[in-house]
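Trainee: Could you take me through a close look at one single residue, and then show me the protein around it?

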Amino acid sequence: MDDMKNIAVRLMYDGTKYHGWQVQKSVSTISGTIEEALSRLYGEEIRIIGCGRTDAGVHGKQYCFSYKAKPSIPIERLPYAVNALLPSDIALQRAIYVPDDFNANLSCLKKEYTYLIYNSRIRDPFYVTRALFYPLSIDIDAMDKAALSFVGTHDFSAMRSVGTVTKTTIRTVYWCEIDVSEPFIEIRICADGFLYNMARAIVGTLLYVSEKKIAPEAISSLLEARDRRAAGPTVPPHGLYLTKLWYEGEAGKMFT
């Protein structure tokens, strides 16, 4: 084991055809597909650790995984070798050696998710699996006001779907911003961690604010009430992208 190296990898993927990141029996997943390619390349079973569990249909513009293996392949050539064994909707971009205690999940300082909305009366076939088609008019000013209430350290129980067990539902959101470039609307949320479906629930709540179903000034009390039923819906996964990661050291430089 002494000659094993810890490796961090940056990659991108289109999650349309996959049942999320995490390995599952009998269905295709991102990590399962990558592990199969790595195992073929190394000639032995390889298991990887991802920076988070993205759901079925969610995309990764920036993603990181780590694993340990013998340094039998030049690290600068690793992405090319693995990409030759991967489908075209997954692409490794860079790989580096990292300290033994590096863990793609536990070492991640914060993450940014971006939700893409296609705001038009007519849908665009090219964005059917890459953005939420939303034909109603959107009140950006009201959403901007509401978005500010999500910033800070809060209990986000009201923005969590029933799913994975977690030690605490308290998270710190560093920004929740809305950019408009017609017909696209981007909602960017950066936090030190995300609960199950948290980003999608925040977007659904902001859309409820736009639809006048929730008042912008009600967000703070909604969070304090910790009642998921009082918030907006969980929007579909295909508009969600993991867009930015932060790490210390050399791993962090891969994502600047």
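Mentor: What follows starts at one residue and then widens to the whole chain. Please keep in mind that this is a predicted model. The residue I have chosen is Thr-54, which you will find in the loop between β2 (49-50) and β3 (59-69). Although Thr-54 is placed in a loop, the relative accessibility of Thr-54 is 6%, and because buried means under 20%, Thr-54 counts as buried. If you now look for its partners, leaving aside the neighbours within four places in sequence, you will find Thr-54 in contact with Tyr-13, Gly-20, Trp-21, Tyr-63 and Tyr-113. One of these, Tyr-13, deserves a second look, since its side chain and that of Thr-54 are joined by a polar contact of 2.7 Å.

Turning from this residue to the whole, the protein has six helices and 10 strands. Its radius of gyration is 19 Å, close to the 18 Å that the globule rule gives for 256 residues, so the protein is as compact as a globular protein of that length. Along the principal axes, the C-alpha trace spans about 60 × 40 × 35 Å. Buried residues, of which Thr-54 is one, make up 50% of the 256 residues. When you consider contacts between residues at least 6 apart in sequence, 71% of them join residues at least 24 apart. On the outside, the protein exposes about 12900 Å², and carbon and sulfur atoms supply 51% of that area. Finally, the protein carries 30 positive and 29 negative charges, and the mean positions of these two groups are 3 Å apart.

Note on methods
Residues numbered from 1 in each chain as written. Predicted model: local features only at pLDDT ≥ 70, side-chain atom pairs only at ≥ 80, totals over all residues. Heavy atoms only, no water. Helix = DSSP H or I, 4+ residues; strand = E, 2+ residues; numbered from the N terminus. Buried < 20%, exposed > 50% of the residue type's maximum accessible area, 1.4 Å probe, protein only. Polar contact = N/O pair within 3.5 Å; in protein donor to acceptor, adjacent residues only side chain to side chain. Contact = heavy atoms within 4.5 Å. Rg over C-alpha atoms; globule rule 2.2 N^0.38 Å. Areas by Shrake-Rupley, 256 points an atom, 1.4 Å probe, with all protein chains shown as cover. Lys, Arg positive; Asp, Glu negative; His and termini not counted. Charge placed at Lys NZ, Arg CZ, Asp CG, Glu CD.
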